[in-house]
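Here is a short guided walk to read with the sequence and the structure side by side. Please keep the viewer open and follow along.

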Amino acid sequence: MDGELLSETFVELTDTLVAGFDVIDFLHVLTDRSVQLLDVSAAGLLLADPRGELRVVAASSEAARLLELFQLQNDQGPCLDCFRSGRPVAAADLAAAATRWPRFAPAAGQAGFAAVQALPMRLREQVIGALNLFRADPGVLAPADIRVGQALADVATISLLHERSMRHSDTLNEQLQTALNSRVIIEQAKGKLAERLGVDTDQAFSLLRDRARVSNRRLSDLARAFVDGTETLTGPATARSRQRLPDTGQVPAS
Amino acid sequence: MTGSRPGRVWALVAAQAARRGGRVSAADACVAVVAAVEVTGAWLIAAGGAEADHLMWATDEVSELLAELQLTLGEGPGPDAMAYGGPVLASDLDDVEAVRRWPLFASAAGQAGAAAVFVFPLQMGAIGVGVMGLYRDWPGPLSGSQLGDALVFADTATLLLLEAQDRAAGEAAAGSGPGGQPAGLAVHRAEIDQATGMLTEQLGVGIAEAFLRLRAYAYAHDRRLSDLAGDIVARHLRLRPDPDPCEDGQT
């Protein structure tokens, strides 16, 4: 494990009081670093919406299939089990987990994943969501990796709950809802940019994120400005691959 | 986690419309939320359309006063919810934080008889149509389940206001409500949002209009919103701008 990256990550995850803090950016740091630091190939973060759903807020890759796999766990899967119990849930071999999760296990297999680990985002009695780690090969995560993964999730949880203040649960709920709505804005922006540039939504997300970094703006602010039309997102970073599909009623899948 | 909350909320809103004897509207959500989450009153402010922000509905005089105070003062949980893009939950207007944050509103609201105010933006990503405000004449936070219900009432009011703002689309999507509105959008939620974004480009319209057109198309072709969105995101289907009466719609 890269010790330097690990300590850098803890600094990033506790540095939530800086101006311009953005929950979505923050949670993307958590999923990206999980993949870089741990022996896993994908990571996703689900937060509990008081409406009664688990919702994907960040993922190490925005590939549609992966996002769907995370979101599927609103109904069943390790993330849901982990959220409900507040305890880590592991499946070393998803191929053998079809009775436990009849919908989730085959879908994960089709997406190329053989093992999964879910870790709770928890502070004392309050579970606010779960971190989901996928591996391409069967086998449990090494104990050291699980400890580091849980530490990352813990630090992120504490930072989230302490953001602004710990006065009451109102603050967390306000912030959670803002984050969930930001996530919707980002999806809307992904669609608009994908259509404008003729790229897929995963590429559109990367472009949005790169642009936010280069211009030092919050991803959710940039996404909103783009959807509202006050930001055009044209220029060197997005000028490539401008290959619009012909404007016919039906377009065959390519 | 329960998937039945949206269905239950739609049923309460529809029952309120039936009692009133009219077509389901955002005002029905505003009335029904009061009993459902145990608050004293509620109001709706429409915003973001062609008109200036205005009070659409209030269930009692105190609610009306609270809404108007915030519109005139430009201060309070309502303006903050609009600016912040998330709910503002002020469970005790007497506490130091609330008084410091809204010096004029906190004291005026207290005199009017409100002890707690909760404001929910009526929004769906970058689509924003107003706010729903709730007040109590006693202090204290909403419980977890009351908060969940209030959020779903706000989602319901958002859809109803959006439709009201676009009469044509309102006609096309007349099947919305208890039967027409899919309760559990969670799994395909991202695709619906992405498809909405794609339609802004395909149709050359704003994001709210794009969403209404997506729903109208789904209704007209008797398709599930999530399936239609999936086809659009997979680029199996494109929608065309409204055909121009003179030419075939190319600019």
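**A walk through the two chains**

Let us begin in chain B, where Arg5(B), Pro6(B), Val9(B), Trp10(B) and Val13(B) of helix α1(B) meet Gly148(B), Asp149(B), Val152(B), Phe153(B) and Thr156(B) of helix α7(B). Sorted by class, this contact between α1(B) and α7(B) is made of six nonpolar, two polar and two charged residues. Please bear in mind that you are looking at a predicted model.

Two packed helices are described by the angle between their axes and the distance between the axes. Here α1 spans residues 5-20 of chain B and α7 spans residues 144-165 of chain B; their axes come within 10 Å and cross at roughly 65°. The crossing of α1(B) with α7(B) is right-handed.

Staying in chain B, now find Ala42(B) in strand β1, which covers residues 41-46. Is Ala42(B) buried or exposed? Ala42(B) counts as buried because it has 28 C-beta neighbours inside 10 Å, and the cut-off for a buried residue is 20 or more. Leaving aside residues up to four places away in sequence, Ala42(B) touches Cys30(B), Val33(B), Val34(B), Thr59(B), Ser63(B), Met132(B), Gly133(B) and Leu134(B). Tyr135(B) is also worth finding: 93 residues separate Tyr135(B) from Ala42(B) in sequence, yet their C-alpha atoms are 6.4 Å apart in space.

Next, turn to where the chains meet. On this interface, 42 residues of chain B are in contact with 41 residues of chain A. Which elements of chain B give two or more residues to the side that touches chain A? They are β3 (88-90), β4 (116-124), α7 and α9 (189-203) of chain B. The largest share comes from α9(B), which gives ten residues to this side of chain B. By class, the side of chain B that touches chain A holds 20 nonpolar, 15 polar and seven charged residues.

Finally, cross over into chain A, which is divided into domain 1 (3-163) and domain 2 (178-228). The C-alpha centres of these two domains of chain A lie 22 Å apart. Their contact takes twelve residues from domain 1 of chain A and eleven from domain 2 of chain A. On the domain 1 side, α2 (23-37) and β2 (53-59) of chain A each supply at least two residues, and α2(A) gives the most, with three residues. This side of domain 1 of chain A has five nonpolar, two polar and five charged residues.

Note on methods
Residues are numbered from 1 along each chain as its sequence is written. Chains are lettered from A and ligands numbered from 1 in the order in which they are written. This is a predicted model: local features need pLDDT of at least 70, side-chain atom pairs count only at pLDDT 80 or more; totals for chains, interfaces and linings use all residues. Axes are lines fitted to C-alpha atoms, for helices over the stretch in contact, and angles run from 0 to 180 degrees between N-to-C directions. Helices (H or I, at least four residues) and strands (E, at least two) are DSSP runs, numbered from the N terminus. A crossing is left-handed if the near helix is turned anticlockwise from the far one by less than a right angle, and right-handed if clockwise. Two residues are in contact if their C-beta atoms, placed from the backbone, lie within 7 Å. Ala, Val, Leu, Ile, Met, Phe, Trp, Tyr, Cys and Pro count as nonpolar, Asp, Glu, Lys and Arg as charged, and the others, Gly among them, as polar. Domain bounds come from an automatic or database domain assignment. A residue is buried if 20 or more other C-beta atoms lie within 10 Å of its own, exposed if 12 or fewer, and partly exposed in between; C-beta atoms are placed from the backbone.
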